[in-house]
Every structure is written in C-alpha cells, then in structure tokens.
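Open the model in your viewer, colour the chain by secondary structure, and keep the selection panel at hand. The tour below moves from one selection to the next, with a short account of what to look for at each stop.

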Amino acid sequence: MLQLNSNNITLGQSPTNKQEAIRAIAADLTNKGFVEAGYVDGMLNREAQNSTFLGNGIAIPHGTTDTRQLVKQTGVAVHHFPNGVDWGNDATVYVAIGIAAKSDEHLGILKQLTQVLSADGVEEKLKQASSANDVIALLNGEVQFEPDFDASLIQLLFPASDMVQMSAVAGGLLRNTGFADNEFVAELVTKEPTHLGKGLWLISSDKAVKRTGISFVSTANACEYNQLNVKALIAIAACNNAHQNILDKLTQLVLQQQQETLLNANAAQLLAFFSNDNEQAPTKDESAASKVAVFKIKNAHGLHARPGAMLVAEAKKFEANIKVSNLDGDGKTANAKSLMKVIALGVKHGHQLQFSAEGPDAEQALASIGKAIASGLGEG
C-alpha cells in the first residue's frame, strides 16, 4: 500500500495552466529520483490523449506506456493548488497526484486514492488544507467521510437462534476488521436493538470504536426477540458522523415499507445499498428486469485513466442505469458512469467485469460496452 509522507506533498502551488502544473510535477518526480528527465513528455502526451481529471477537483497526471522505461522507481508527487487550476472542459483541479509506475503498480495506487477521494466533501477539505499532514490524512483515509463496508462485513444465513448470537456475530465482524475492540462486542450483545419492521433490526455503539463501520447479518433460522421476528441485523460501530447518510437511507426504506429489499438482498446488492453513492438496493422486480453481461478486460495494463475514461464515456451514451463490479476484485458494485468509481475497482489485465443495466436501452448499452471492451478501449 502507498505510504505518503511530507516529502510527497508540495503545498500552495499556483501554476497558470495545467501544462505548467504537469511540468512542475514531472520535475518533482525527477528530482526525487523516481523518473528520468524525459518522463515529462510522456505526461504531457498522456494529457493530450485524454484528460487525467477524475472529478471532485482531482487529477492524476502520469506518463504513457512508451515512457514507462523512464521510471526508475514507483512513486508519487502530490501538488496542492488552493486557488485551483483550469484542467479544461470546465474542470478545476485543486490536487494533482503525479504518478510514476514501473508496471501495473499504479492500479493499486489509483484504487487506494480514488476510494478515498470519491467521497463527498473531500474536494473542499483538500482545497482548504493548510499543511502536508492535512493532505496526508485525507489521502490516507484517516478523515472518514463514509462508513466502511465490504464483503467481509456481511454474513448471510448464519444459523443463529437468538438476538444475542446475531449481535455477537455482527460485532465480531467489526472487531475482526479492526474497527472496534472486544468492549464493543461485549456492549453490543447487551444492548436493546431497534426493530425497523418486518424482521429487520438495527443496533449500534460507540464504545471502543476506532473507525466507523457497518456489518450485516441475516439468520437461516426462525427466531424472535421480544416476540417479534428476527431475520437480519444491521450493526454500526460509530466514532463520527460518517454513517449519517446510511441512517437517512434506512429511514426512507422504513417509511416506504421496503425492508424486503435488504432482507432478500444478496451481497452485491447490500454493498450497493450501504455505499454512500445515493443508490438503493434494487427491488426484486428491478433485479429481474436488469440485463447482465460479463466481459474480460484485454488491456495489458488494466483500466488506468485512459481506457477507464473510454469505458465511462461509452456508458454515458445511454439512458440506462449501468452498474459494474469486478468479479476478480472485492465484489463492490460501482456506477459505470463515474470514472473515479470505475478506476477504484482496481481492474487489471484479464479481470472479468460484470455489468448490469436497467432502462429502455439496457440491451443496447451492454452490447456497445462489450464491443468497446473487445476493441481495447482506445488502446487497440
């Protein structure tokens, strides 16, 4: 994993345009011994081919495959522009992360960075950063904007016979991922959970919590708590307000009496719901109406910025709601029309992507995406 330190950060820069910014970043990478002097040409050529702007005020300028032999050592140079730099197409960049990578190591760097930077509110915080430590804390995910939730925090159809077992499992998942200590689990099993209706329950605690996270446990058995059905339990380890958006989504779900969308959801649908991406878990009818296709990525260096941008541009041509997940990655579902979300999937050569599309042109969208992937997404 990329470890940033103050030597990677250059604050308070004010270039007049993006070319000047890229030259300064390339010089920084050269001075740090990451690249040979000619690497700047590859960075400028890459930018001319396709903008490296990701969104949320962030760009990731890097070289072309032709200049990869000029990379001595994988590294990054982060430049901070408090007044912003015009990156073209009405895009303003406040932080540019120059990347030098010897092989496909940059995909891991991009995945780490984009997972952090795709959260709402990061752009303004980076714009206001006043120290290298501020920037490092944001890029390393130490400032939490959304709760952590991944496949390791899901336990479906556990053979629990009562709420104590459900709470212990849900708490154990959060403890095992390092979000909380044993005291958190001990408190969880003694707390009174809240019934959200139709067998869906919620429990939370802030005791001995290190990082906000969510776990989800459903039971394979018929059990009750206070003479009410228990089908699934959502547990929240809370140490900040990162989970507030999830609570709002749960409130809307209860008001609309749609608890079954979680009770009947698979892991992928739960991952979609509990992400702060303003997405709801699909209903049974919506799931049945979705079109699904799987395509293998042929690009030698995976979905870095350029082919990723081509894929997103293809998806944006259609009205359909299009989701994508990396079957060879962590299984999270992302919006196929968001470059940051797509790059965050960490797609390498040979990885299989599963697309689901819902809408009047869903079939055409999947066919077009498949054709674009087969043609190499602009890389032949």
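Begin with the sheet whose five strands follow the order β6-β9-β10-β8-β7, an open sheet in which the pairing is mixed. Its edge strands are β6 (154-158) and β7 (194-197), each of which pairs on one side only, and as you step across the sheet the twist averages 20 degrees from one strand to the next. Please bear in mind throughout that this is a predicted model.

Now select β7 together with β8 (residues 200-205): these strands run antiparallel and are joined by three bridges. To see one of the bridges, pick Thr194, whose bridge partner in β8 is Leu202. As general background, the strands of a sheet pair through backbone hydrogen bonds, either parallel or antiparallel.

Next, add the helices that accompany this sheet. Helix α6 (residues 163-176) lies across β6, β8, β9 (213-225) and β10 (228-237), and α6 runs at about 160 degrees to β9. Helix α8 (residues 244-255) also packs on the sheet, where it touches β7, β8, β9 and β10, and its direction makes about 155 degrees with that of β8.

Zoom out to view the whole chain, which the domain assignment divides into domain 1 (6-140), domain 2 (151-274) and domain 3 (291-375). Select domain 2 and domain 3 together, and note that their centres, taken over C-alpha atoms, are separated by 31 Å. How many residues of domain 2 are in contact with domain 3? There are four, and they meet four residues of domain 3. The area buried between domain 2 and domain 3 is about 250 Å², with carbon and sulfur atoms giving 64% of it. On the side of domain 2, Ala268, Leu271 and Ala272 lose the most area to domain 3, and together they account for 86% of what that side buries.

Stay in the last part of the chain and select helix α14 (residues 362-374). With 13 residues at 1.5 Å a residue, α14 should span 18 Å, and its end C-alpha atoms are indeed 18 Å apart, so the two values agree. Which residues of α14 are buried? They are Ala362, Ala365, Leu366, Ser368, Ile369, Gly370, Ala372 and Ile373. If you show their surroundings, you will find these buried residues of α14 packing against β11 (291-296), α12 (305-315), β12 (321-326) and β14 (352-358). Just after α14, look at Gly376, which takes a positive phi of about 95 degrees.

For the last stop, go to the open sheet of five strands in the order β1-β4-β5-β3-β2, where the pairing is again mixed. Here β1 (9-10) and β2 (53-55) stand at the edges, and because each has a single partner strand, one side of each is left without a neighbour in the sheet.

Select β4 (residues 75-88) and β5 (residues 91-100), which pair in the antiparallel sense over nine bridges. Among the bridge partners in β5 are Thr92, which is matched with Asp86, and Ile97, which is matched with Val78. The hairpin of β4 and β5 has two residues between the strands, and in this hairpin Asn89 takes a positive phi near 55 degrees. Then add β3 (residues 58-59), which runs parallel to β5 and is joined to it by two bridges, with Ile58 having Val95 of β5 as its bridge partner. Finally, β5 is mostly covered, since nine of its ten residues are buried.

Note on methods: Residues numbered from 1 in each chain as written. Predicted model: local features only at pLDDT ≥ 70, side-chain atom pairs only at ≥ 80, totals over all residues. Heavy atoms only, no water. Pairing = 2+ DSSP bridges. Helix = DSSP H or I, 4+ residues; strand = E, 2+ residues; numbered from the N terminus. Expected span 1.5 Å × (residues − 1). Buried < 20%, exposed > 50% of the residue type's maximum accessible area, 1.4 Å probe, protein only. Contact = heavy atoms within 4.5 Å. Axes fitted to C-alpha atoms, helices over the stretch in contact; angles between N-to-C directions. Domains from an automatic or database assignment. Buried area = accessible area lost by both parts, 1.4 Å probe.
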